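Please open the model in your viewer and keep the selection panel at hand. The stops below go from one selection to the next, with a remark on what is to be found at each.

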Amino acid sequence: MHQLTCVADYEKKCQSLIEKSALDYFKSGSGEEETLKRNKDAFKKLRIRPRVLINVSKVNLNVEIFGSKLEWPVGVSPTAMQKMAHPDGEVASARAAGKAGSLFILSSLSTTSLEEVAEKAPDTIKWFHSHLFKDREMTENLVIRAEKAGYKAIVFTVDQPVFGIRKTCDFKLPSHLSLANLVCIESENNNISDTSSGIANHSLEIFNASITWKDVEWFTQFTKLPVLLKGVLTREDAILALNHGVKGIIVSNHGGRQFDGVPSSIEVLPEIVEAVGKDMFVAFDSGVYQGVDAFKALALGAKLVLLGRAVLWGLGVDGQKGVEDILAIVKNELNVSMSLAGCTEVNKIGNKTVVHENYFSTCK
Ligand SMILES: Cc1cc2nc3c(=O)[nH]c(=O)nc-3n(C[C@H](O)[C@H](O)[C@H](O)COP(=O)(O)O)c2cc1C
């Protein structure tokens, strides 16, 4: 077999291995997929200004986040229904993240229950993701279960009051799988597997289009864990988040899956870091496929970078081993990027290290 050396190799390989409907679900973006494409293109418009003659024989990638020590500042974004990529699903990804000294965020729409993931990946640092579902009691219950099972933070997704428009996502959750955390509502509204656009219909049943900042306050009150908002794309909302008691935000456009037309996450990162980066933890995702992308996001002020689809490609190719390989590849690429840029510590990646390509035309 041709050796797989980068995330793109895994993506290509994965396409021949998993069901087309699952592949479409993983790959798809919303609308014309312009934002999806922009997520990658925007990284290519950033240039690195490397510093030389710095001793980089030891590069330290370690970071500490909300009291947890990570071997490097990259983790796994919450992605739903991972058993569609591989039968070992979320457990495989969580174990791989732990082995890589990384962190794993479990989607509330997972095909493995949060308790099973906790039991089978006990050594992994885990955060739990939740929507604010229509059923508040269920939402509260999920968060309490996660707290009890040892998850260290709650990621509250705020960019999905309704499901974005996706043309190429027309799949049925195979009948042997279930949304393991939500089995009770699923059995009441069992339409996820029996309509052609099951996921969108199901989401309409459970997502809550009426959520506001008041709900954020409600959310932060019933858990002792740090709460992060995922899906913030403007400085205005970042400031509101700060004023509503959340401990962090994830600058994310949901991997281009929600609102086609919004900017890439990397385009908006600097304005958000400038507005709140000193007072609040800022994480980042969308469009990260190489260690050098993670390096650019760190340089622009992210404290943690998350991988979405990249992990799914590894999972689809070879389960836990595939995710371990993806994480090892990205970690090595980040290490090499730091060495070549002259950065020996994550917090020494200065914001002048990465500039927009226009920087060079305007300085002539
Ligand atoms: C198949 C798939 C399922 C996802 N499920 C969720 C989810 O349940 N909750 C959530 O907040 N984000 C979800 N996301 C978005 C990811 O958390 C993340 O924001 C996105 O994948 C990052 O972009 P990237 O794939 O380019 O790395 C999902 C993304 C994908 C690709």
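Select Asp41 and Lys37 in this predicted model, and show their side chains as sticks: the two form a salt bridge in which the closest N and O atoms are 3.0 Å apart. Both residues belong to helix H3, which spans residues 34-44, and because they are 4 residues apart in that helix, about one helical turn separates them. If you colour by accessibility, Asp41 comes out as partly exposed, at 25% relative accessibility, whereas Lys37 is exposed, at 55%.

Keep Asp41 selected and add Lys44, since a salt bridge also joins this pair, with the closest N and O atoms 4.0 Å apart. Here too the partners lie in helix H3, this time 3 residues apart, which is again about one turn of the helix. Lys44 has a relative accessibility of 58% and therefore counts as exposed.

Move next to Glu115 and Arg145, whose side chains meet in a salt bridge with an N to O distance of 2.8 Å. This pair links distant parts of the chain, given that Glu115 sits in helix H5 (residues 114-120) and Arg145 in helix H6 (residues 136-148), with their positions 30 residues apart in the numbering. Glu115 is partly exposed at 32% relative accessibility, and Arg145, at 24%, is likewise counted as partly exposed.

Before leaving the charged side chains, select Lys37, Asp41 and Lys44 together, as salt bridges with shared partners join these three residues into one network. How many salt bridges does the structure hold? The count is 15, and the pairs visited here are among them.

For the last stop, turn to the cysteines, and select Cys14 together with Cys6. How many disulfides does a search of the whole structure find? The search returns 0. For Cys14 the reason can be read from a distance: the closest cysteine sulfur, in Cys6, is 14 Å from the sulfur of Cys14, which is too far for a bond, because a disulfide requires the two sulfur atoms to be within 2.5 Å. Is Cys14 buried or exposed? Its relative accessible area is 0%, so Cys14 is buried. Finally, select Cys343, which also counts as buried, with a relative accessibility of 3%, the cut-off for a buried residue being under 20%.

Terms used. Residues numbered from 1 in each chain as written. Predicted model: local features only at pLDDT ≥ 70, side-chain atom pairs only at ≥ 80, totals over all residues. Heavy atoms only, no water. Buried < 20%, exposed > 50% of the residue type's maximum accessible area, 1.4 Å probe, protein only. Helix = DSSP H or I, 4+ residues; strand = E, 2+ residues; numbered from the N terminus.
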